[in-house]
Amino acid sequence: MWCQWGSSRDRARHWGKTMRNHFIGPGGCGMHFMRSLFEDEASCFTHTRRIDSVQKGDKVLYIFVDPYNAVLSYDRRGFLKQSHHVRNIEGDIEGFNQGSPWDLSKFLSNGTDFFLLYDHFNRWYMHHEREYEIAFVKYESLSTSMDSVCEFFGLPHKQFSYKARNSDWNNLDEQELAMLQSMYGDYHKVWSELPDFFIHKSS
């Protein structure tokens with residue numbers, strides 16, 4: 001499984017380790033924050049949607065996020081201007097590139113989520129025949145769910161300073177909010193109804 005270590009120094013420091021703890025999410029979900037806490041725990045950090053990339057007996061934490069704020073985070077971080085992130089999360093690169101670069105209004109008005117966020121979540125959430133445990137945590141609850149995350153991995157509890165998200169869909173104007181709801185409303189409803197933290201055991 002590809003791990004997002006970034007620098008060659010990072011990869012060298014973890015060379016030869018068996019990566020048994022997997023942190024997976026679509027971006028805009030605190031992955032860099034989680035990496036700062038858990039990178040020394042033989043952990044792998046990735047945006048993959050490939051459910052067969054995890055080995056028997058491993059453990060996966062999927063960080064799922066309010067899709068409304070996720071796409072605003074993408075916009076704020078420049079992910080709508082170029083295709084590197086839609087490529088990283090294995091979205092619809094061809095469709096994205098046909099209209100790129102995007103601004104938020106143009107992206108929402110096109111009516112198609114090229115990041116395929118709901119699919120990214122469902123690949124992991126709906127996959128029941130697996131030989132590993134997977135836990136799901138809402139990004140928005142990390143400040144209160146971290147003890148559950150550590151217990152899931154069998155790791156000591158972490159001391160950390162949590163930074164609140166900068167993006168907030170409540171600040172959008174009515175037109176952009178309506179387009180956001182049209183594109184991501186189904187996923188947002190599922191996200192809002194799920195608990196902050198829960199575990200699916202291996203089958």
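User: Where does Leu-116 lie?

Analyst: First, a bit of housekeeping: this is a predicted model, where local features need pLDDT of at least 70, side-chain atom pairs count only at pLDDT 80 or more, and totals for chains, interfaces and linings use all residues. Residues are numbered from 1 along each chain as its sequence is written, and side-chain values use heavy atoms, leaving out hydrogens and water. Helices (H or I, at least four residues) and strands (E, at least two) are DSSP runs numbered from the N terminus. On that numbering, Leu-116 lies in the loop between helix 6 and helix 7.

User: And what relative accessibility does Leu-116 have?

Analyst: Its backbone is worth a glance too: Leu-116 isn't a glycine, yet its phi is positive, at about 55 degrees. For accessibility, buried means under 20% relative accessible area, exposed over 50%, and partly exposed in between (1.4 Å probe, protein chains only). Leu-116 counts as partly exposed because its relative accessibility is 33%.

User: Which loop holds Glu-90?

Analyst: Glu-90 is another non-glycine with a positive phi, about 60 degrees here. Glu-90 is partly exposed because its relative accessibility is 26%. Its loop runs between helix 4 (84-88) and helix 5.

User: Which two residues does a cis peptide bond join?

Analyst: Look in the loop between helix 5 (93-99) and helix 6 (104-109), where you'll find Pro-101. Omega is about 0 degrees there, and the bond joins Ser-100 and Pro-101.

User: What separates the C-alpha atoms of Gly-95 and Phe-114?

Analyst: Gly-95 belongs to helix 5 and counts as buried because its relative accessible area is 10%. Leaving out residues up to four places away in sequence, Gly-95 touches Trp-102 and Phe-114 (contact means heavy atoms within 4.5 Å). Gly-95 and Phe-114 are 19 residues apart along the chain, and their C-alpha atoms are separated by 6.5 Å.

User: Which residues does His-85 touch, not counting residues up to four places away in sequence?

Analyst: You'll find His-85 in helix 4. His-85 counts as buried because its relative accessibility is 3%. With those sequence neighbours set aside, its contacts are Pro-26, Gly-27, His-47, Tyr-74, Phe-79 and Phe-115.

User: In what order do the five strands of the open sheet come?

Analyst: Two strands pair if DSSP finds at least two bridges between them. Strand 1 runs parallel to strand 3 over four bridges, and strand 3 is parallel to strand 4 over six. Strand 4 (residues 133-138) and strand 5 are antiparallel, over four bridges. The pairing is therefore mixed, and the order is 2-1-3-4-5.

User: Which strands stand at the edges of the sheet?

Analyst: Going across the five-strand open sheet, the order is 2-1-3-4-5. Each edge strand has a single partner strand, so one side of it has no neighbour in the sheet; the two are strand 2 (43-46) and strand 5.

User: Which residue in strand 2 is the bridge partner of Ile-24?

Analyst: Strand 1 and strand 2 are parallel and share four bridges. Within that pairing, the partner of Ile-24 is Thr-46.

User: Along strand 5, which side chains point to one face and are buried?

Analyst: Strand 5 (residues 197-200) alternates: Phe-197 and Ile-199 point to the face whose side chains are not buried. Phe-197 is also the bridge partner of Val-137. Pointing to the other face, and buried, are Phe-198 and His-200.

User: What arc do the buried residues of helix 7 cover around the axis?

Analyst: In helix 7 (residues 117-125), the buried set is Leu-117, His-120, Phe-121, Trp-124 and Tyr-125. They all sit on the same side of helix 7, because the arc they cover (taken from the directions from the helix axis to the C-beta atoms) is only 120 degrees.

User: At what angle do helix 7 and helix 9 pack?

Analyst: Leu-117, Tyr-118 and Phe-121 in helix 7 meet Tyr-184, Asp-186, Tyr-187 and Val-190 in helix 9. Axes are lines fitted to C-alpha atoms, for helices over the stretch in contact, and angles run from 0 to 180 degrees between N-to-C directions. The two axes are 9 Å apart, and the angle is about 35 degrees.

User: Which residues touch the most other members of the largest nonpolar core?

Analyst: A nonpolar core is a set of buried Ala, Val, Leu, Ile, Met, Phe, Trp, Tyr and Cys residues joined through side-chain atoms within 4.5 Å. Met-34 has contacts that include Phe-23, Leu-61 and Met-146. Out of 59 residues in the largest core, those touching the most other members are Met-34, Phe-38, Phe-107, Phe-115 and Tyr-184.
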